[in-house]
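Me: I would like to learn how to read a protein structure. Can we work through one together?

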Amino acid sequence: MTSNCQLPTPNYPPVSTRTIALIGSNGMLATMVKQKIPARYVVHQYDLPDFDIADAHQVRQALSGLRPDLIINCAAFTRVDLCESQQQTAFDVNGLGPGFLAEVAHDIAAVLIHLSTDFVFDGKKNTPYLEDDPAYPLSVYGQSKLAGEQAIINSPLQQYYIIRTSWLYGPGGPNFVETIARLATERDELGIVADQYGTPTYSGDLAEAIVGLVTSREASPPYGLYHFSNQGECSWYEFACEIVSQLRKKGCPVKAQRIQPIRTEDYPVPAKRPRYSVLSKEKYRRATGADIPEWKDSLGKYFDNRV
Ligand SMILES: NC(=O)c1ccc[n+]([C@@H]2O[C@H](COP(=O)([O-])OP(=O)(O)OC[C@H]3O[C@@H](n4cnc5c(N)ncnc54)[C@H](OP(=O)(O)O)[C@@H]3O)[C@@H](O)[C@H]2O)c1
């Protein structure tokens, strides 16, 4: 018996490996981005002290050598109050650095994803901020982040996503949730600012949104500026109450008996914060069709996975 068992020659193209340069790779958001990037991508990580986003020469040398398909910039000088006394560093890292990335991204035809902040707004609105609302930052941090957005927008690069987010928390970084969780085990009473409103954002949800923008097998949304946070809004006081309540429900030891609402004036800090900085996610939702989780649900998800 003879058989012709010659296999047909595949006529589909080989799967090509795509390369991502992840900048600020040791930070809180980058920690989650690394977890969400599909295995078919090769991720190269860049952070201080070996890589300084504010060093134009180093940025060009590293990225034009690698020629990544995507650059995800999670690097920033994020200590909002310290920015007030270290203005030069704030503007170098948050303002100039993104522009250096954009120039190289243009030259090597890479897509750039960059993160920005609700602190570009002055908080005088009472309804969620749209992407094209005028930005009037109140702090050096906000001004430097706005300068970073403008450096990208004014560069020759067209293929970019700038994503503004707010009140970020997650594994791998100091953040409000961890601060309240610690204080609630140490103190009988907490005083938390109750006259600033925004939306908490779980880094896991933001990382999924970022990665989804560029790795979806469907067409990517149009390039440009987007807002992303969790859904809903609250004050820092309400956020703290929810953190403590969820910790109690999980059986964590909580010492704090009372959480007192206080005014911004009662908690003086160097940098001025917006009174209201809720971001509208309508543009992101329309472009992606994605559902955005409610902030309380995402806080629960964070606590479920917290070690
Ligand atoms: N955290 C928030 O509440 C919040 C809210 C709105 C928007 N955002 C934005 O979201 C993004 C991610 O924030 P995140 O909280 O994940 O920040 P993060 O935890 O502070 O991480 C930033 C990373 O960038 C690194 N970095 C700082 N300066 C650098 C430089 N010159 N060159 C290279 N790397 C540098 C940091 O290193 P070192 O730790 O050694 O400095 C750190 O590893 C940022 O763009 C931030 O502005 C954050």
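Me: Which of the 24 residues around the ligand come nearest?

Reply: Keep in mind that this model is predicted. Being around the ligand takes a heavy atom within 4 Å of it. Here Asp47, Asp52, Thr78, Tyr141 and Lys145 come nearest, out of 24 residues in the shell.

Me: Which oxygen or nitrogen atoms of the ligand have a backbone N or O atom beside them, and at what distance?

Reply: Look for pairs of N or O atoms within 3.5 Å. A backbone N or O atom of Leu29 is 2.8 Å from a ligand oxygen. For Phe51, a backbone N or O atom is 3.5 Å from a ligand nitrogen. Side chains can take part too: an N or O atom in the side chain of Thr78 sits 2.7 Å from an oxygen of the ligand.

Me: How much of the ligand's accessible area does the protein cover?

Reply: On its own, the ligand has 900 Å² of accessible area, and the protein covers 81% of that.

Me: Which elements give two or more residues to the shell?

Reply: They are helix H1 (28-36), strand E4 (111-117) and helix H5 (140-153). E4 gives the most, with three residues. Now sort the shell by chemistry. It divides into 13 nonpolar residues, seven polar and four charged.

Me: Let us step back to the whole chain. How many helices and strands are there?

Reply: The protein chain has 10 helices and 12 strands. Next, compare its radius of gyration with the globule rule. The radius is 21 Å and the rule gives 19 Å for 307 residues, which is close, so the chain is as compact as a globular protein of that length. Along its principal axes, the C-alpha trace spans about 85 × 55 × 35 Å.

Me: What share of the residues is buried?

Reply: Buried means under 20% relative accessible area. In this chain, 49% of the 307 residues are buried. Then check the surface. About 15300 Å² is exposed, and carbon and sulfur atoms supply 50% of it.

Me: What do contacts tell me about residues far apart in sequence?

Reply: Take contacts between residues at least 6 apart in sequence. Of these, 80% join residues at least 24 apart. Here is a single pair to look at. Cys83 and Ser144 are 61 residues apart in sequence, yet their C-alpha atoms are 8.9 Å apart in space.

Me: Where is Cys83, and is it buried or exposed?

Reply: Cys83 lies in helix H3 (residues 80-85). Its relative accessible area is 0%, so Cys83 is buried. Leave out residues up to four places away in sequence, and Cys83 touches Phe77, Ala90, Val140 and Tyr141.

Me: Can we try a residue in a loop? Where is Ser280?

Reply: Ser280 is in the loop between strand E12 (258-262) and helix H9 (282-288). With 9% relative accessibility, Ser280 counts as buried. A polar atom of its side chain is 3.3 Å from the backbone nitrogen of Glu282. Beyond four places in sequence, Ser280 contacts Pro128, Tyr129, Leu130, Glu131 and His227.

Me: Which residues of helix H6 are buried?

Reply: Start with the general idea. An α-helix has 3.6 residues a turn, so residues three or four places apart point the same way. In H6 (residues 176-186), the buried residues are Val177, Ile180, Ala181, Leu183 and Ala184. They pack against strand E6 (168-169), strand E7 (189-193), helix H8 (236-249) and helix H10 (295-305).

Me: Which residue caps the N-terminal end of H6?

Reply: Asn175 does. One of its side-chain oxygens lies 3.1 Å from the backbone nitrogen of Val177.

Definitions and conventions:
Residues are numbered from 1 along each chain as its sequence is written. This is a predicted model: local features need pLDDT of at least 70, side-chain atom pairs count only at pLDDT 80 or more; totals for chains, interfaces and linings use all residues. Side-chain values use heavy atoms; hydrogens and water are left out. A polar contact is a pair of N or O atoms within 3.5 Å; within protein, one must be able to donate a hydrogen and the other to accept it, and residues adjacent in sequence count only if both atoms are side-chain atoms. Accessible areas come from the Shrake-Rupley method with a 1.4 Å probe; for residues, only the protein chains shown count as cover. Helices (H or I, at least four residues) and strands (E, at least two) are DSSP runs, numbered from the N terminus. Ala, Val, Leu, Ile, Met, Phe, Trp, Tyr, Cys and Pro count as nonpolar, Asp, Glu, Lys and Arg as charged, and the others, Gly among them, as polar. The radius of gyration is taken over C-alpha atoms; the globule rule is 2.2 Å times the number of residues to the power 0.38. Buried means under 20% relative accessible area, exposed over 50%, partly exposed in between (1.4 Å probe, protein chains only). Contact means heavy atoms within 4.5 Å.
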